[in-house]
Amino acid sequence: MEKIKWKNDFSINVPVIDEEHKLFILIINKAIVAMQKNNEREKISDALNEMTLYALSHFKNEEEYMMKFDYPEYLLHKKEHSDFLMATVDFCKSAMNKNYHISDDLFKYLKKWLEEHIQKTDRKLTECFNKNGLN
């Protein structure tokens with residue numbers, strides 16, 4: 001299980017959002033390291049909680065911009081955020097219930113979600129955000 005590395009393909013050409021995505025990846029990588037090292041339930045749970053809290057903050061920022069700029073796919077985008085949060089809460093519960101075998105499933109989920117969400121869903125934000133002065 002390798003850490004996730006920022007790559008230019010992740011950039012949506014909105015610097016404030018790109019910086020948040022970079023930090024999100026760093027926090028996800030903390031969770032990955034916690035899972036790799038001894039699979040200690042408490043450390044995994046702490047890393048997942050930090051990831052979930054950061055996701056809440058980042059999603060709130062994106063959603064506020066979407067509402068402010070009347071982004072037409074706001075509800076679809078918000079649903080992806082909600083689905084992610086529900087999934088991470090489930091992973092947190094599994095970690096707290098001493099399910100030490102979540103690491104591979106979680107890593108695959110995070111990597112797939114991050115790549116698909118940033119490269120497809122978030123990329124659609126670029127034009128709307130840029131034309132409204134967020135660039």
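Here are some friendly notes on the predicted model shown above.

1. **Ground rules.** This is a predicted model, in which local features need pLDDT of at least 70 and side-chain atom pairs count only at pLDDT 80 or more, while totals for chains, interfaces and linings use all residues. Residues are numbered from 1 along each chain as its sequence is written, and side-chain values use heavy atoms, with hydrogens and water left out.

2. **Confidence.** The predictor's confidence in each residue is called pLDDT and runs from 0 to 100. The average for this protein is 88, and 93% of the residues score at least 70. Among the elements, α5 has the highest mean pLDDT, 96, and α4 the lowest, 85. Elements here are DSSP runs numbered from the N terminus: helices (H or I) of at least four residues and strands (E) of at least two. As a reading habit, predicted coordinates should not be read in detail where pLDDT is low.

3. **The core.** A good place to start looking is the largest nonpolar core, which has 39 residues. Such a core is a set of buried Ala, Val, Leu, Ile, Met, Phe, Trp, Tyr and Cys residues joined through side-chain atoms within 4.5 Å. Two or more of its residues come from each of α1 (15-36), α2 (41-68), α3 (74-96), α4 (102-121) and α5 (125-131). The largest share, nine residues, is given by α1. Ile-4, Phe-24, Ile-28, Leu-48, Met-51, Phe-84 and Phe-129 have the most contacts inside this core.

4. **Ile-28 as a way in.** Which residues does Ile-28 contact, leaving aside neighbours within four places in sequence? They are Ile-4, Met-51, Leu-110 and Leu-114. Contact here means heavy atoms within 4.5 Å.

5. **His-117 and its surroundings.** Is His-117, in helix α4, buried or exposed? His-117 counts as buried because its relative accessibility is 2%; the cut-offs are under 20% relative accessible area for buried, over 50% for exposed and in between for partly exposed (1.4 Å probe, protein chains only). Not counting residues up to four places away in sequence, His-117 touches Glu-62, His-77, Glu-80, His-81 and Asp-122. With one of these, His-77, there is a side-chain to side-chain polar contact at 3.4 Å. A polar contact is a pair of N or O atoms within 3.5 Å; within protein, one must be able to donate a hydrogen and the other to accept it, and residues adjacent in sequence count only if both atoms are side-chain atoms.

6. **Before α1.** Three residues in this segment are worth a look: Lys-3, Ser-11 and Asn-13. Lys-3 is partly exposed at 49% and touches Asn-29, Ile-32 and Val-33, not counting residues up to four places away in sequence. Ser-11 is buried, with a relative accessible area of 17%. The Ser-11 side chain reaches the backbone nitrogen of Asn-13 at 3.2 Å. Beyond four places in sequence, Ser-11 touches Trp-6, Asp-18 and Arg-123.

7. **Two positive phi values.** Asn-13 has a phi near 60°, a positive value in a residue other than glycine, and is exposed at 52% relative accessibility. Asp-70, in the loop between α2 and α3, is not a glycine either, and its phi is positive at about 50°. Asp-70 counts as exposed because its relative accessible area is 64%.
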